[in-house]
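Got your viewer open and your mouse ready? Let's take a walk through this chain, one selection at a time.

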Amino acid sequence: MHEPRPPTAPGTQPAEADRLRDLLRSPAYQRALVFSALIGVPVSLAAFWFLAGLHELEHLVWADLPAGLGWDTPPWWWPLPLLTLAGIAVGLVVRHLPGAGGHVPAAGLHSPGLPLAALPGVVLAALASLPLGAALGPEAPLIALGGGLALLFARLARAPVTSQSTALVEAAGAAAALPAIFGNPLVGAVILIEVAGVGGPRLFAVMLPALLSSGIGSLVFTGFGRWTGLSTGDLSLTLGVPSPRLDAGDVFWSVPIAVALGLVLHLVLGTGRLTAVFVSRRPVARTTVCALAAGVCAAVYSLAADRSPTDVASSGQATLAQLADDPHAWGVGALVAVLLCKAAAYALCLGSLRGGPVFPALFLGGAVGVLLAPLPGLGVVPGLAAGMAAAAAAALRLPVSSAVLVVLVMGSAEMTPVVIIAAVVGFATAQLLPPGRTVPPLGQHAGAPADSTPEAPSGPPERG
């Protein structure tokens with residue numbers, strides 16, 4: 001006969017399992033799961049049209065208009081008027097609309113949580129920033145848009161609203177909006193879980209609705225994209241060089257590359273935070289100045305490297321795909337020039353315009369990896385993988401999400417050991433450095449005391 005099982009002590013693993021079982025049996029949580037699946041359809045459709053609109057506008061501004069004027073590629077001065085216009089528009093949104101256009105990118109990614117009144121400003125600021133040349137990605141506006149729309153639909157459906165249900169619905173909506181840009185529903189769910197910073201039963205409580213809604217959203221994006229023929233520009237890489245077997249040299253070099261990128265990205269993000277403090281006191285004028293300065297970075301790069309200014313004046317998504325497809329097409333001078341100019345433009349845009357920090361960080365890391373690939377024992381593909389993982393983890397402070405993202409984007413598990421090592425080392429390096437200035441709260445602008453220390457915004461902790 002088996003001996004009776006002793007009673008479970010409070011706080012031990014079986015108690016956590018019992019809490020999770022009770023949660024899954026709860027009718028309120030089961031309704032939240034069903035609603036998460038349903039909400040994934042309208043939210044992902046809205047996100048599809050938002051991303052497709054951004055993609056079409058960017059193609060119009062940077063390809064169709066220059067071609068119509070007789071240029072094969074945009075001339076070197078092309079970013080200057082466009083980013084000036086972006087700065088004026090974003091500055092007006094920040095000053096006059098609720099929510100100040102969304103979270104400042106220099107503060108990193110946030111869990112959804114903006115009020116519904118802020119959504120028009122978020123959309124307008126993103127439309128003004130991203131197609132006109134901001135060195136930022138679309139993921140932060142998508143998180144805000146998905147979470148806000150999910151909450152709006154919940155209210156229209158007269159679903160019971162509590163603090164817990166609101167958090168679950170917003171997380172599910174944000175997860176439904178993200179698969180289009182990362183090319184995989186798993187990435188969006190993992191990012192939101194890590195951003196939320198929850199554990200134990202709370203981890204599963206957030207994970208299940210987010211994962212379910214993310215999968216539904218991915219199905220909608222795939223089917224709707226094929227039906228309309230429109231592209232949302234998802235992040236996927238086709239490697240133009242063979243992927244080698246990992247050896248000791250690849251693993252060895254991934255550590256110093258990750259340390260160096262951790263230091264560089266910490267400096268870039270710190271400069272972005274200083275830019276945000278500078279801009280917060282006079283948002284219209286100073287946002288315009290910073291956006292124009294980012295345009296100057298793109299113009300200088302174009303003149304120095306004799307390449308298109310879009311290498312700098314963009315999120316870096318398309319340029320990273322070109323780099324991975326044909327890394328040998330970039331000379332050492334062009335790689336050094338794009339790294340210096342892109343990093344400067346990225347720092348300026350992080351503190352002044354609106355978007356997300358993921359894509360430019362991935363590009364900077366990938367470019368560093370390709371630049372250092374000639375090191376003895378290091379290959380192009382391992383260098384690319386280690387650079388992207390370290391840069392993403394250092395910029396986002398989300399090591400698990402960064403590793404998962406890079407492995408899935410590269411479409412192969414062969415580089416996983418290097419990716420994990422680089423992500424952990426890059427994250428640890430950035431975390432151990434002094435945090436620097438705090439990004440001003442949303443809506444703070446002219447009139448703030450010059451030496452004041454703004455309070456941190458309420459809600460989940462900032463990442464990045």
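Let's start with a quick one: is Trp-78 buried or exposed? Select Trp-78 and look: it is buried, because its relative accessible area is 8%, under the 20% cut-off for that label. Keep in mind on the whole tour that you are looking at a predicted model.

**Stop 1: the tryptophans**

Keep Trp-78 on screen and add Trp-71 and Trp-77; ring pairs link these three into a cluster. Trp-71 and Trp-77 make an edge-to-face pair, with 5.8 Å from centre to centre and 85° between the planes. Trp-71 also pairs with Trp-78: the centres are 6.1 Å apart and the planes lie at 70°, so this pair is edge-to-face too. Now colour by accessibility. Trp-71 is partly exposed at 33%, and Trp-77 is partly exposed at 33%. If you like hunting for rings, a search of the whole structure finds 6 aromatic pairs.

**Stop 2: zoom out**

Switch to cartoon view. How many helices and strands are there in the chain? You should find 17 helices and 0 strands. Of the 464 residues, 53% are buried. Turn on the surface as well: the chain exposes about 19400 Å², and carbon and sulfur atoms supply 66% of that. Contacts here often reach across the sequence: among those between residues at least 6 apart, 82% join residues at least 24 apart.

**Stop 3: into the core**

In soluble globular proteins, nonpolar side chains tend to be buried together. Here, the largest nonpolar core has 119 residues. Which members touch the most others? Select Phe-182, Leu-323 and Tyr-346. Then highlight helix α15, residues 380-396, which gives the most to this core with 14 residues.

Stay on Tyr-346 and show what surrounds it. Beyond its close sequence neighbours, Tyr-346 is in contact with several residues, including Ala-135, Leu-136, Leu-265, Val-268, Pro-357 and Ala-395.

**Stop 4: charges over rings**

Next, select Arg-307 and Trp-330. Arg-307 lies over the face of Trp-330, 3.8 Å from the ring centre. For another example, pick Lys-342 and Phe-363: the charged end of Lys-342 sits over the Phe-363 ring, 5.6 Å from its centre.

**Stop 5: two loops and a helix**

Go to Ala-100, in the loop between α3 (79-96) and α4 (119-129). Its phi is near 55°, a positive value in a residue other than glycine. Ala-100 is buried, with a relative accessible area of 2%.

Now jump to Arg-397, in the loop between α15 and α16 (399-410). Phi of Arg-397 is near 60°, again positive in a residue other than glycine. Is Arg-397 buried or exposed? At 9% relative accessibility, Arg-397 counts as buried.

For the helix, choose Thr-429 in α17, residues 416-432. Thr-429 counts as buried at 13%. Leaving out residues up to four places away in sequence, Thr-429 touches Val-259, Gly-262 and Leu-263.

**Last stop: how far to trust it**

Colour by pLDDT. The chain averages 80, and 76% of the residues score at least 70. Then select residues 1-5, where pLDDT stays under 50 and the model has 0 contacts beyond four places in sequence. Residues 445-464 also stay under 50, but the model has 40 such contacts for them. Where pLDDT is low, the predicted coordinates should not be read in detail.

Key: Residues are numbered from 1 along each chain as its sequence is written. Side-chain values use heavy atoms; hydrogens and water are left out. A nonpolar core is a set of buried Ala, Val, Leu, Ile, Met, Phe, Trp, Tyr and Cys residues joined through side-chain atoms within 4.5 Å. Buried means under 20% relative accessible area, exposed over 50%, partly exposed in between (1.4 Å probe, protein chains only). Helices (H or I, at least four residues) and strands (E, at least two) are DSSP runs, numbered from the N terminus. Contact means heavy atoms within 4.5 Å. pLDDT is the predictor's confidence in each residue, from 0 to 100. Accessible areas come from the Shrake-Rupley method with a 1.4 Å probe; for residues, only the protein chains shown count as cover. Rings of Phe, Tyr and Trp (its six-membered ring) pair if their centres lie within 6.5 Å; planes under 30 degrees apart count as stacked, over 60 as edge-to-face and the rest as tilted. A charge sits over a ring if NZ of Lys or CZ of Arg is within 6 Å of the ring centre and within 35 degrees of the ring normal.
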